[in-house]
Amino acid sequence: MRIGLFVPCHVDQLWPEVGFAALALLERAGVEVGFPAAQTCCGQALLSTGGHAEARALAARFARVFDGYDAIVAPSASCVAMVRTHYADLLGEAAAAPLAARTYELCEFLHGVLRVAPPAHAFPHRVALHAGCHALRELRLGRPSAGGAAGGDPVRALLSGLAGIELVKLARADECCGFGGVFSVVEPEVSCRMGLDRLDDQRAAHAQVVTSSDPSCLLHLAALARRHGRDDLRILHVAQILAGPRT
Amino acid sequence: MTHAERAAGFLRDAERARWHDGSLWSLREKRDRAAAAVPDWEALREAAARIKRHVLAELPAYLTRFEERAQARGAVVHWARDAAEHNEIVEGLLREAGARRVVKSKSMLTEECGLNPHLEARGIEIVDTDLGERIVQLRHERPSHIVMPAIHLRRQEIGALFHAELGSPEGESDPTALTLAARRDLRARFLGAQAGITGVNFAIAETGGIVVCTNEGNADLGTVLPPLHIACMGIEKLIPRAADLPVFLRLLARSATGQAQTAYTAHFHGPRAGGALHIVLVDNGRSRLRARGEFADALTCIRCGACMNTCPVFRRSGGHSYEAVIPGPIGSVLEPARAPAAHASLPYACSLCGSCRDVCPLRIDLPRQLLAWRSELAAHESGGALRRAGLRAARFAFERPRVYAALGALARWAGRVLPERWLGGRWNPWTRGRALPPTPPKSFRALYARRQK
């Protein structure tokens, strides 16, 4: 099985450690992983800024770049949701379906497809799991508080194996962090208020670490935490926690 | 002004914003519990969506049938192409009946048509009888929420308003006392009214009947006392059969407030003995929206307000920040259809979290529609040209990995060497409340390429 690792543009440029953690986890699982160098962006940022035509061009490009890989795996639920739920609108059902069927969020792939044993190294911290909106309400990875279709939660399943980890209970476990791509700069005041409310909820639960399968949410929360002096909080992508100290 | 600017204004009163968010969130939680208690909730949503989509597809036939059956029961049916025609019809009916004092129960349609100012300008007194609507009427503002029109106000503000307008004791802010003060005032107006206007929640094509749901019984009282009842409805309110009604009644109140049913569900099948019933069917852009495949689903909305209660943006920006008759997610889809230029910022008042789609009893795919509006409205938006240019530039770079990598390296280099106050100036909306993002010396692709060597 040949895996194409998709490292979303924001991870590539701003948080390369997450890409390497994802790579390490896949390689440890014994699959062959390639990183097609021609990849750039899935097009979500353009679609949500009103660029239907531009996003379509990038979707078509994504399909070409990852042609020939048995599965496409990304450490970003939101980008995966773009491929799985929006490419059909851009490329047509026939062209999008084969891509959608083999594109996976990292934890979903490790847990649901490769069925790796959850890592068991020590991570003795109180961890707040931030449910990214697109993981939850587009990929349906987890059980949304408002109901509707629900699936297994691979992030929680994989983290639960770590020694000493404590997943804290949040008052609003699946409220949006307010990133929302272009929303974060078009509506900065509301966006920041939403993010600060998440940080407050996580603090009330005495979380030491915040993690998620969505790096864009985490970059937004980290930028808020830094500005507001919340240096006590460590913000880590779930791949970094799962890969452990070896990477 | 854009939604973002008005939202920023709302958030400046941090304490009010927090309280507003909390009140609506508790409604969301009540809705969750109510929905979870119905074992076939998802099947109900599915059925409701199917019925309403079917009605939309066959709308002309159902409208004709409804008109026939309603007339057979003695109601008079009127057709209004737009808001102006609607207002003229209602005004004409009131004049014919010599009615100068009118009571009205909750109706978003008459809000949409601007009926109150139209009648007031012509010397007809119109009193909103829903408590929340009465409060906003006395304050000369529009409802901030379609189910709880005065949810943006705290009881102390309502106390001060009632002291000034209704003569309740100064400093009184006890909800029960304030409700009684409103009740005393409204009771006299009910008794003196010469006509009652209501909205319509559901109109049944098969029977020619209309159904009005309230929690205060004000539609009932406003139609049994005066001899003339005028019911105003959008043409999308139809359902095919009486047997379809329970599907919607089970969904409506649970979605709205978490109640199993509204306290009152009034059925009107023809005029009451000795009275007259007029039904005004209004298009006002609905046919146009119906013809637009991708947005037509928005016409299946039953106005429960669940999308507003769940929306993290609405809860933190208040209904007035939308400057629209219908605020929130559904309003952000409907209002640009009515006036694209005026409402071009609304589809951006959304983080695309998808929560509204999960709570919508009609399963309207609101996030997808908001996304579609963004592409469509680029022409109408302030800064739309700039945005289009940015999109083209982004596409150019993302289609050329080397350009993309070079621009990324340049930006990260700038982030490391330039002073933070330059990059994080007022011009940069990212840093208004956030630190700059990290600027690692090497990208993943650069490090990966080195590793492969």
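Visitor: Which residues does V73(A) touch, leaving out those up to four places away in sequence?

Guide: In this predicted model, V73(A) touches I3(A), L5(A), F6(A), L26(A), Y104(A), L106(A) and F109(A). Residues up to four places away in sequence are not counted there.

Visitor: Where does V73(A) stand in the largest nonpolar core?

Guide: That core has 199 residues. V73(A) and L221(A) are the ones with the most contacts inside it.

Visitor: M1(A) begins the chain. Is M1(A) buried or exposed?

Guide: Burial is read by counting C-beta neighbours inside 10 Å, and 12 or fewer means exposed. M1(A) counts as exposed because it has 11 such neighbours. M1(A) lies in the segment before β1 (2–5) of chain A. Its contacts, apart from residues up to four places away in sequence, are V31(A), E32(A), D70(A) and A71(A). As for distance, 27 Å separates the C-alpha atoms of M1(A) and S212(A), which are 211 residues apart along the chain.

Visitor: Is L221(B) buried or exposed?

Guide: A residue is buried if 20 or more other C-beta atoms lie within 10 Å of its own. L221(B) has 22, so it is buried. The residue is found in helix α11 (residues 218–224) of chain B. Between the C-alpha atoms of L221(B) and L366(B) there are 36 Å, and the two residues are 145 apart along the chain.

Visitor: How should I read chain A as a whole?

Guide: Begin with its elements and its extent. Chain A has 13 helices and eight strands. Its C-alpha trace spans about 45 × 40 × 35 Å along the principal axes. A compact globule of 247 residues would have a radius of gyration near 18 Å, and the 17 Å of chain A agrees with that. Of the 247 residues, 59% are buried. Among contacts between residues at least 6 apart in sequence, 76% join residues at least 24 apart.

Visitor: What do those readings give for chain B?

Guide: Chain B has 22 helices and ten strands. Taken along the principal axes, its C-alpha atoms fill a box of roughly 90 × 55 × 45 Å. Buried residues make up 47% of its 453 residues. Of the contacts in chain B between residues at least 6 apart in sequence, 73% join residues at least 24 apart.

Visitor: In what order do the six strands of the open sheet in chain B run?

Guide: A sheet is read strand by strand, from one edge to the other. Here the order is β1-β10-β7-β4-β2-β3, with parallel pairing. The edge strands, β1 (76–80) and β3 (125–128) of chain B, each pair on one side only. From one strand to the next the twist averages 20°.

Visitor: How many bridges join β2 to β4 in chain B?

Guide: Three bridges join β2 (residues 101–104) to β4 (residues 195–198), and these strands run parallel. One residue pair can be followed by eye: V103(B) has G196(B), in β4(B), as its bridge partner.

Visitor: Which strands form the open sheet of four in chain A?

Guide: The order is β6-β5-β7-β8, again with parallel pairing. At the edges are β6 (166–167) and β8 (234–237) of chain A, each pairing on one side only. Four bridges join β7 (residues 209–212) to β8(A), and the two run parallel. V210(A) stands opposite I235(A) in β8(A).

Visitor: How do I read a pair of helices?

Guide: Look at the approach of the axes, then the crossing angle, then the residues. In chain B, the axes of α2 (residues 14–36) and α12 (residues 245–257) come within 6 Å and cross at roughly 145°. From α2(B) the contact takes L27(B), K30(B), R31(B), A34(B) and A35(B), and from α12(B) it takes R254(B), S255(B) and T257(B). By class, this contact has three nonpolar, two polar and three charged residues.

Visitor: And how do I read the interface between the chains?

Guide: The size of an interface is often given as the accessible area lost when the parts come together. Here residues are counted instead: 53 of chain A are in contact with 54 of chain B. Several helices of chain A each supply at least two residues of the side that touches chain B, among them α1 (9–14), α2 (16–28) and α4 (52–65). The largest share of that side, six residues, comes from α11(A). By class, the side of chain A that touches chain B has 28 nonpolar, 14 polar and eleven charged residues.

Key
Residues are numbered from 1 along each chain as its sequence is written. Chains are lettered from A and ligands numbered from 1 in the order in which they are written. This is a predicted model: local features need pLDDT of at least 70, side-chain atom pairs count only at pLDDT 80 or more; totals for chains, interfaces and linings use all residues. Two residues are in contact if their C-beta atoms, placed from the backbone, lie within 7 Å. Ala, Val, Leu, Ile, Met, Phe, Trp, Tyr, Cys and Pro count as nonpolar, Asp, Glu, Lys and Arg as charged, and the others, Gly among them, as polar. Axes are lines fitted to C-alpha atoms, for helices over the stretch in contact, and angles run from 0 to 180 degrees between N-to-C directions. A nonpolar core is a set of buried Ala, Val, Leu, Ile, Met, Phe, Trp, Tyr and Cys residues joined through C-beta atoms within 7 Å. Two strands pair if DSSP finds at least two bridges between them. The radius of gyration is taken over C-alpha atoms; the globule rule is 2.2 Å times the number of residues to the power 0.38.
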